[in-house]
Amino acid sequence: MGAGGPLFIDVTWHPAGDPGSDKATSSMTIASIAVNYCGLETVLHMTCCCQSQEKITCHLHKAKRLGLKNILALRGDPVGDQWKEEEGGFCYALDLVKHIRSEFGDYFDIGVAGYPKGHPDAGSFESDLKFLKEKVSAGADFIITQLFFEADTFCHFVKACSEIGITCPILPGIFLIQNYHSLQQLVKLSKLEVPQQIKDKIEPIKDNDAAIFNYGIDQAVSLCQKLLASGLVPGLHFYTLNRTMAAIQVLKRLGMWTEDPRRFLPWAVSAHPKRWEEDVRPIFWASRPKSYIYRTQEWDEFPKGRWGNCSSPAFGELKDYYVFYLKSTSLKEEELLKMWGEELSSEESVFEVFTHYLSGEPNQNGCQVTCLPWNDKPLAPGTSLMKEKLLRVNRRGVLTINSQPNINGQPSSHPVVGWGPSGGYVFQKAYLEFFTSPRTVKALLQVLKKYELRVNYHVVDVKGENITNAPELQPNAVTWGIFPGREIIQPTVVDPVSFMFWKDEAFALWIKQWAKLYDKESPSQEIIQYIHDNYFLVNLVDNDFPLDNCLWQVIEDTFELLDRPPQTDREMEAT
């Protein structure tokens, strides 16, 4: 759903599922991932059910620390048939709203639930409305309604709210009828009555899921059109129940689904409040943004406008957090073995894995290689501009893990390399990062002498022995953009200090993700171990971005040198 640019998404709170924990499936973790790694404004539901005041306060402090700013304060459904008061807890959403405002001031935006036909446990519609007014007066910023089936129900509710002085935004809760069983269950939980005209339509097709699905879309589109025409809705809130297809179809038919292919920056922007102004990152984590965000989460400030000297304590220290995100792919070991080789016979077997990843062609197991340890996302769009050259060098053992073409003033609207506001122009220096053997590095360093003034390089082994011609602390901007009425933005840099931290992570991935798939001391594991222990990590930057990319010629010259008949070291140095 994030592709359609929603105002926010919701993450519900299930008391039985340890929602405030660090488990991968907890509500808190899912909300944090949505904000920090997906850049989505997120509303975390929080209930009073089965929680003491102290526990709720701890959850709220954690939510704030993770960058969550929006809470939907709910009483919550009882775990059993009857509501049981928690000792030292809250019985009503009103108490929760008051507590949040008392403890956290205006930090959180607070939403509350509204019931267009009155809460089923309330004495009357009027008394429930007064209770809603109390929640708003206590500090609620907006209202999301319970589901309803007819536009008139919502319009009557909004007018009634207005009459008693409720002026905050009220979002209509739209339920998408997707099958008969889910409708029955939700109606039972919400204690709502389905209008007779909807029953008459559904009963004859209740055993035909496809027919009910199509009817649900038609019904939702009609309802939304009436709501939008009323002028009373600031937006639409969909109860998707984790099934997005129907909601997307409804939004498309309403003309409200807009996918903008242009990126705000070359990398996904985090929605964490501390990172709102962040607009510069080292290029090394381009394919592992989760790792970078995790490693820098304790920083007090984030680079704005320029990277500067990253050794400055103002930017914090890149600590060894990388271990947490070494296992970033969700694929099972059996699936990874089919992609990366159930049995490796040589270093060339590893070369083949890289080439299959780049080509998209199935390997000898008939399996597509959809990820590598260093690339847990699909190939970047810019890769298509260099695909044949990348395939050639990977077949020869230059194992690329990051690259970008040179770009000289392409419009920001360019479908492949464009980013940023309309009317701008983007620029890139060619960049290539790869692992390769000691023999290839020896030849490469000979070749690089001819390109000393044009190409900056770093060549480092697993022990941290670094060969470079770049300034020790000076970052090199490799992506920048010029936009109307704004200063130049340089969102990615090659930074010498950060590279040495990335080096640790990049080498560790050989062992922690790949070698561990094989039996200890097996030939396959020993091949990966050898590469980890002996290969070098190299990055190259071609600074003359207006000219044709020379990095491919650098590699070709290296191959030519390698293909010559064996020479003595003295002869090679004289070459």
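These exercises, each with a worked solution, cover one predicted model.

Local features need pLDDT of at least 70, side-chain atom pairs count only at pLDDT 80 or more, and totals for chains, interfaces and linings use all residues. Residues are numbered from 1 along each chain as its sequence is written, and side-chain values use heavy atoms, with hydrogens and water left out.

**Exercise 1. Sheet order**

Task: Find the strand order of the open sheet of 5 strands, then its edge strands.

Solution.
- Start with the terms. Helices (H or I, at least four residues) and strands (E, at least two) are DSSP runs, numbered from the N terminus. Two strands pair if DSSP finds at least two bridges between them.
- Read the order: S8-S16-S15-S11-S10. The pairing is mixed.
- Take the edges. Strand S8 (281-282) and strand S10 (407-411) each pair on one side only.
- Look at the S10 end. S10 and strand S11 (residues 425-428) run antiparallel, joined by 4 bridges. Glutamine 410 has valine 426 of S11 as its bridge partner.

**Exercise 2. Two positive phi values**

Task: Locate aspartate 18 and leucine 241, and classify the accessibility of each.

Solution.
- Recall the background: most residues other than glycine have a negative phi.
- Aspartate 18 has a positive phi, near 50 degrees. Its loop runs between strand S1 (9-11) and helix H1 (27-36).
- Leucine 241 has a positive phi of about 55 degrees. Its loop sits between strand S7 (237-239) and helix H9 (245-254).
- Apply the accessibility classes: buried means under 20% relative accessible area, exposed over 50%, partly exposed in between (1.4 Å probe, protein chains only).
- Aspartate 18 has 37% relative accessibility, so it is partly exposed. Leucine 241 has 41%, so it is partly exposed.

**Exercise 3. Two asparagines**

Task: For asparagine 549 and asparagine 402, give the place, the burial and the partners.

Solution.
- Fix the cut-offs. Contact means heavy atoms within 4.5 Å. A polar contact is a pair of N or O atoms within 3.5 Å; within protein, one must be able to donate a hydrogen and the other to accept it, and residues adjacent in sequence count only if both atoms are side-chain atoms.
- Asparagine 549 is in the loop between strand S17 (536-542) and helix H17 (551-563). Its relative accessible area is 17%, so it is buried.
- A polar side-chain atom of asparagine 549 lies 2.8 Å from the backbone nitrogen of leucine 551. Not counting residues up to four places away in sequence, asparagine 549 touches Asn406, Ala430, Arg454 and Asp542.
- Asparagine 402 belongs to strand S9 (residues 399-404). At 10% relative accessibility, it is buried.
- A polar side-chain atom of asparagine 402 lies 2.9 Å from the backbone oxygen of isoleucine 283. Leaving aside neighbours within four places in sequence, the contacts of asparagine 402 include Ile283, Phe284 and Tyr431.

**Exercise 4. Helix pairs**

Task: Classify the packing of H3 with H4 and of H12 with H13.

Solution.
- Set the geometry. Axes are lines fitted to C-alpha atoms, for helices over the stretch in contact, and angles run from 0 to 180 degrees between N-to-C directions.
- Set the classes. Angles under 35 degrees count as roughly parallel, over 145 as roughly antiparallel, 65 to 115 as roughly perpendicular and the rest as oblique.
- The axes of helix H3 (residues 93-104) and helix H4 (residues 125-137) come within 9 Å and cross at roughly 10 degrees. H3 and H4 are therefore roughly parallel.
- Ala93, Leu94 and Val97 of H3 meet Phe131, Glu134 and Lys135 of H4.
- Sort by class: Ala, Val, Leu, Ile, Met, Phe, Trp, Tyr, Cys and Pro count as nonpolar, Asp, Glu, Lys and Arg as charged, and the others, Gly among them, as polar. The H3 and H4 contact has 4 nonpolar, no polar and 2 charged residues.
- Helix H12 (residues 347-359) and helix H13 (residues 387-395) pack at about 170 degrees, axes 9 Å apart. H12 and H13 are therefore roughly antiparallel.
- The H12 and H13 contact has 5 nonpolar, 3 polar and 2 charged residues.
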